[in-house]
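Biologist: Could you take me through this structure, please? I should like to begin with the confidence and then turn to the strands.

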Amino acid sequence: MRSDMDRFIDSMFGGRTGFPSLFGAAGAKLSAMSPSIDVRENGNEIVIEAELPGMEEKDVQLTFRDGVISIRGEKKSEREEKKDDFHLTERSYGSFERSFRLPDTVEVDKATASFDKGVLKVVLPKSAEAISREKKIPIGKG
């Protein structure tokens, strides 16, 4: 009963990538190709972190154009298993692209990116002008 309810909810709202679990294994593979991404902003910078397990730096491309930063990648995996009476080979290939519009206050020329243990980290510093323009507004009682 629970799995039926889970399938129903997934079919209504989709999974992480919008592909319902009713697609079975194909949906799971599509979901695996859309990496989890965190975007944080503090007073000085915007930080984007993408989880790309099993990928290497050479498989990832980071570009900026017309105010949009894009992360592209291609993942290839192969599994082979041989036992006495059978031989199994599985291959999967897939690509993804995630894009984010950046505010004009980001100094893209000073951006840095690093790739460590399957995590891409992009640090986008804000301009000094943007940092100084930010003001806190006091909140009082009604």
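Modeller: Let us start with a term: pLDDT is the predictor's confidence in each residue, from 0 to 100. Helices (H or I, at least four residues) and strands (E, at least two) are DSSP runs, numbered from the N terminus. This is a predicted model, in which local features need pLDDT of at least 70 and side-chain atom pairs count only at pLDDT 80 or more, while totals for chains, interfaces and linings use all residues. Residues are numbered from 1 along each chain as its sequence is written, and side-chain values use heavy atoms, with hydrogens and water left out.

Biologist: Where is confidence lowest, and where is it highest?

Modeller: The lowest mean, 46, belongs to helix α2 (residues 25-32), and the highest, 96, to strand β7 (residues 119-125). Across the protein the average pLDDT is 80, and 75% of the residues score at least 70.

Biologist: Over which residues does pLDDT stay under 50?

Modeller: That applies to residues 14-31. For this stretch the model has 19 contacts (heavy atoms within 4.5 Å) beyond four places in sequence.

Biologist: How many helices and strands are there?

Modeller: The protein has 3 helices and 7 strands. Along the sequence their pattern is α-α-β-β-β-β-β-β-β-α.

Biologist: Now the pairing. How do β1 and β2 run?

Modeller: Strand β1 (residues 37-41) and strand β2 (residues 45-51) are antiparallel, with 5 bridges. Two strands pair if DSSP finds at least two bridges between them. E41 has I46 in β2 as its bridge partner, and a hairpin of 3 residues links β1 to β2.

Biologist: And what does β3 pair with?

Modeller: Strand β3 (residues 60-65) pairs with β4 in the antiparallel sense, over 6 bridges. L62 is opposite I71 in β4. The hairpin between β3 and β4 has 2 residues, and D66 in the turn has a positive phi of about 50°.

Biologist: How many bridges join β4 to β5?

Modeller: There are 16, and β4 and β5 run antiparallel. G73 is opposite F96 in β5. The hairpin from β4 to β5 passes through 2 residues.

Biologist: Let us look at S70. Where is it found, and is it buried or exposed?

Modeller: S70 is in strand β4 (residues 68-83). S70 counts as buried because its relative accessibility is 6%; buried means under 20% relative accessible area, exposed over 50%, and partly exposed in between (1.4 Å probe, protein chains only).

Biologist: What does the side chain of S70 join to?

Modeller: The side chains of S70 and S99 share a polar contact of 2.8 Å. A polar contact is a pair of N or O atoms within 3.5 Å; within protein, one must be able to donate a hydrogen and the other to accept it, and residues adjacent in sequence count only if both atoms are side-chain atoms. Beyond four places in sequence, the contacts of S70 include Q61, L62 and E97.

Biologist: Which residues touch the most others in the largest nonpolar core?

Modeller: In that core of 16 residues, they are I48, L52, I69, I71, L120 and L124. The elements giving two or more residues to this core are β2, β4, β5 (86-101) and β7. A nonpolar core is a set of buried Ala, Val, Leu, Ile, Met, Phe, Trp, Tyr and Cys residues joined through side-chain atoms within 4.5 Å. In soluble globular proteins, nonpolar side chains tend to be buried together.

Biologist: What does I48 touch?

Modeller: Not counting residues up to four places away in sequence, I48 touches ten-odd neighbours that I shall name in part: among them are I37, V39, I69, F100 and L120.
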